[in-house]
Amino acid sequence: MAMRNTRSRRQQILQQLIEQGSVQVAELVGRYGVSAVTIRTDLGHFEEQGLATRTHGGATLVRTPPQEQDIHEKDALNLPLKESIGARAAQLVQPGDNIIIDSGSTTMTLARHLRGHRDVTVMTNGLNIAWELANAPGVNVLLTGGQLRKQSLSLQGSQAEASLNPYSFDTLFLGVDGLDLQFGLTTHDEAEARLNHRMVERARRIVVLTDTSKFGRVSLHRIAYLDQIHAVITDAGIDEATREGLQRRGIEVVVAEPTA
C-alpha cells in the first residue's frame, strides 16, 4: 500500500538514512509505493536541510547525529548555561501551577530552582528530578512509573505513557537532544520520544529548555514538530538565524542571563 502521508514517509526515510548511511530511490519506491519523482522530492527536502547529499540514484547522510551520553556525563557539560536556563524557567512557575518536568540534565537545574516554590505540583519521569524535589515542602511530586532507563535515569514505556492519561497540565518543561528548524525536536531513544510526545499532548504550554549546543542537531527519534511548542529558553549563544527561524514560527525565544 502506498504511503501518501508525506510527514510519516519522510520520517521513516530519514530514520533509514541515519541507520544505513545511504538510501536508493528504487528501493524506496518499492517500499513506500510512490513514484520516483516523489522520492526524489523527499531526498531533495533532506538535502535542503543539510541532512543529506543527493547521489546518482539515491542520497547519503551528511549530518550524523551525535552519540548519546549518560546522565552523569551530561550533568558536567555546559553546567553554568544549564543553571541559568533552569533559573529562568523557574520564574515561569507560579503558585497553583501543575507542570511536567521531563528527565534530563538541563531540566534537572529547573527542579533545583523550584525547591523554594509553594503550591506547585510536578509530574516527572526523571528519578533525579524527583529526588531533587523530595524534601521541597511546597512541591507535590508525582512519578510516572514505568521501566527505568539507567542511562538517563528516566522512566518510560507503556506504563509511563498511560500514567499521564488522567491529567491536564499547565506547562511541560521539555529537554531535548536536538532542535532543528526543519526536523523539529528529537531524542536518541524511541521509548523516550513516545513518552515525550505524550507529554506534549497532555500540556497546554510547551517550553523547551536547551543550551545552544543542541541547535541544528537531529537525533534518530522525533518528539514533536516546532509548530507544537510555544517557547524556547536557551543561552546567549543563540545565532540570529536560529532565533529568527523560531520566531517566524511563533515561538517565544527567552535568553537566560548568567546566574551569579
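Two strands count as paired if DSSP finds at least two bridges between them. Strands (E, at least two residues) and helices (H or I, at least four) are DSSP runs, numbered from the N terminus. Everything here comes from a predicted model, where local features need pLDDT of at least 70, side-chain atom pairs count only at pLDDT 80 or more, and totals for chains, interfaces and linings use all residues. Residues are numbered from 1 along each chain as its sequence is written, and side-chain values use heavy atoms, with hydrogens and water left out.

**View 1. An open sheet of 7 strands.** Follow the order 6-5-4-9-12-14-15 and you have walked across the sheet, with parallel pairing. At the edges sit strand 6 (139-143) and strand 15 (252-255), each paired on one side only. From one strand to the next, the twist averages 25°.

**View 2. Strands 9 and 12, with two helices packed on the sheet.** Strand 9 (residues 169-175) runs parallel to strand 12 (residues 203-209), and 6 bridges pair them. Look for T171, which stands opposite R205 of strand 12. Helix 6 (residues 105-113) touches strand 4 (98-101), strand 9 and strand 12 (contact means heavy atoms within 4.5 Å), and its direction makes about 135° with that of strand 9. Helix 9 (residues 190-202) also touches strands 4, 9 and 12, this time at about 130° to the direction of strand 12. For these angles, axes are lines fitted to C-alpha atoms, for helices over the stretch in contact, and values run from 0 to 180 degrees between N-to-C directions.

**View 3. A salt bridge inside helix 2.** A salt bridge puts a side-chain nitrogen of Lys or Arg within 4 Å of a carboxyl oxygen of Asp or Glu; the structure holds 13 of them. Here R31 meets E27, with the closest N and O atoms 3.3 Å apart. Both belong to helix 2 (residues 25-32), 4 residues apart, or about one turn. Are they buried or exposed? R31, at 44% relative accessibility, is partly exposed, and so is E27, at 34% (buried is under 20% relative accessible area, exposed over 50%, partly exposed in between, using a 1.4 Å probe and protein chains only).

**View 4. R149 and its two acidic partners.** R149 forms a salt bridge with D189 (3.3 Å, N to O), and another with E192 (3.7 Å, N to O). R149 lies in strand 7 and E192 in helix 9, so this pair ties together parts 43 residues apart in sequence. R149 is buried at 14% relative accessibility, D189 is buried at 17%, and E192 is buried at 8%.
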